[in-house]
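Got your viewer open? Here's a stop-by-stop tour, with something to select at each stop and a note on what you'll find there.

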Amino acid sequence: MTRKIVVATGNSHKVQELSEILNRCGISDVELVPMSAVIGPMEIEEDGQTFQDNAHLKAMAVFKATGLATLADDSGLCIDVLGGDPGVRSARYAGLGASDADNRAAVRAAMASNGASSSPARFVCVLCYIDPLRTLFTVGESLGRIDVDDQGSGGFGYDPMFTPDGFDQRYAEMTPEEKNTISHRGRAAERMAELLIALESDREYSSVSGLTLEDLCRASIASALGRPEVIESLSRRAQDPLQRLRLTEVLLQSYLFAGFPAALDSLATAHAAGRSSALSDHVESYRADLFEERGQMLCREIYGSVYDKMMARFETISPSMRSWMIIEGYGKTLSRAGLATRERELCIVSILAALGRSSQLYSHVRGALAVGATEDDLEMCQNVVVELCGRRAYDLLQSTVRAVVSKAP
Ligand code: IMP
């Protein structure tokens, strides 16, 4: 099935360029749709202080207007000798409605007043993807040099002034293909492609990979109970970057249920086996507002009609406890790319059964069913639990599943 993603830009060239990059990265089931095809032109004020803010503003505005998964970008040029300018003002450095030539002239003038004819500089591009459950960011940079004269006639914007490191041609002297493979936008799009592949929630991973969902439940329990030998053997079977990313996500999320020491030990074990994804590739900057927003969306998805009651209960205990749970748990951790919500919930169910946390186990068994897990999936969890934890944990899970199912409408 093809997934549609709206691209929050009026520039059809960008849509084409992003499509080509995603295809090159092996994404064939995503159709990028220009926003003009869905809602027509839309004024979005880009008044953020950072590229990340602006990409988020654009993606959020279009996501809210369409309700569809949305991708937005923001980019610009940062010149060292100008203290990072023009930065987020790159498109309007010479004023609103300025042409590319006007903006280049403004850069030339600013550099002259600093007595510089050349300066280290970088192009930056931030991509932001939003769907009902997740907000993802990727960043791409292209380091190089800005010279005050223009050379070449290709490209756009500041291309005639920019020479990327390792080359002696300006961007404006390269073919679009040459520029795409090294450009800031190309790099951000390649990282986004990795995350979008990982997000593909409907795919049956067990048929394409060495690690099944059952294995991910095993990894979760092994992390919680401190069983490095299990993690080592699973790590060795993680065959490709996607599998490594998924294993990393499972081990990472275990800290919410089993604590930091457990998660740190197991991430280190997986890393030593040479098989865990480098977490640094997937670190997001801390954005409490963003985490709260997507945490609420995810929580609503998991808890459905009980969501409001649950929030009211936490609110009575303490509003800050409610926020903390949404931000730290659902927004910051469980909304990351790499695992489908159903897969995350089944891993959580396995951990909670292993640890004998009966009341949270009840909630998460209910949550797993609400996000599409079947009774067969829960039986699979029971088998993993009996294999790694023995009879008592198995009985707890079995009785909890029975209790939840018997109450289901
Ligand atoms: P936006 O991301 O569409 O808001 O573009 C910001 C501005 O940054 C553009 O209008 C250009 O001036 C500049 N810019 C961004 N990427 C490039 C590039 O690849 N080459 C030249 N200029 C760029």
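Is Arg-366 buried, partly exposed or exposed? Select Arg-366 and switch on a surface: at 32% relative accessibility, this residue counts as partly exposed, because that class runs from 20% to 50%. One thing to keep in mind as you click around: this is a predicted model.

**Stop 1: around Arg-366**

Colour helix H16, residues 358-370, and you'll have the element that holds Arg-366. Now add Ala-403 to the selection. Arg-366 and Ala-403 are 37 residues apart in sequence, and their C-alpha atoms are 9.8 Å apart in space.

**Stop 2: the ligand**

Next, centre on the ligand. Where does the ligand sit? In the largest pocket. Show the shell around the ligand and you should get 15 residues, with Lys-14, Ser-75, Asp-159, Lys-179 and His-184 as the closest. Colour that shell by residue class: six are charged, five polar and four nonpolar.

Which elements each supply at least two residues of the shell? Pick strand E3 (70-79) and helix H5 (184-199). The largest share, three residues, comes from E3.

Time for some distance labels. Try these three:

- Lys-179: a polar atom of its side chain lies 2.7 Å from a ligand oxygen.
- His-184: here a polar side-chain atom is 3.1 Å from a nitrogen atom of the ligand.
- Arg-185: an N or O atom in its side chain is 3.1 Å from an oxygen atom of the ligand.

How much of the ligand's accessible area does the protein cover? On its own the ligand has 490 Å² of accessible area, and the protein covers 89% of that.

**Stop 3: a cis peptide bond**

Follow the chain out of E3 into the loop that leads to helix H3 (100-113), and select Pro-86 there. Show the backbone atoms of Asp-85 too. The peptide bond joining Asp-85 and Pro-86 is cis, with omega at about 0°. That's worth a look, because most peptide bonds are trans.

**Stop 4: Glu-328 and Glu-17**

Jump to helix H14, residues 319-333, and select Glu-328. Why does Glu-328 count as buried? Its relative accessible area is 18%, and buried means under 20%. Show side chains as sticks and add Lys-332: a polar contact of 2.8 Å joins the side chains of Glu-328 and Lys-332.

Another glutamate to click is Glu-17, in helix H1 (residues 12-24). Glu-17 is buried, with a relative accessible area of 10%. Draw a C-alpha line from Glu-17 to Phe-167: these two are 150 residues apart along the chain, and the line should read 22 Å.

**Stop 5: Ala-312 and Asp-29**

Head for helix H13, residues 307-317, where you'll find Ala-312. Ala-312 has 41% relative accessibility, so it counts as partly exposed. Add Arg-322 and label the C-alpha pair: Ala-312 and Arg-322 are ten residues apart in sequence and 8.9 Å apart in space.

Last selection: Asp-29, in the loop between H1 and strand E2 (30-34). Is Asp-29 buried or partly exposed? Partly exposed, with a relative accessible area of 21%; the cut-off for buried is under 20%. To finish, draw a C-alpha line from Asp-29 to Leu-247. The pair is 218 residues apart in sequence and 23 Å apart in space.

Conventions: Residues numbered from 1 in each chain as written. Predicted model: local features only at pLDDT ≥ 70, side-chain atom pairs only at ≥ 80, totals over all residues. Heavy atoms only, no water. Near = heavy atom within 4 Å. Polar contact = N/O pair within 3.5 Å; in protein donor to acceptor, adjacent residues only side chain to side chain. Areas by Shrake-Rupley, 256 points an atom, 1.4 Å probe, with all protein chains shown as cover. 1 Å grid on protein atoms, 1.4 Å probe; cavity = no way out; pocket = protein on both sides within 12 Å on 5 of 7 lines; lining within 4 Å. Sits in = over half its atoms within 2 Å of the grid points. Helix = DSSP H or I, 4+ residues; strand = E, 2+ residues; numbered from the N terminus. Nonpolar A, V, L, I, M, F, W, Y, C, P; charged D, E, K, R; others polar. Buried < 20%, exposed > 50% of the residue type's maximum accessible area, 1.4 Å probe, protein only.
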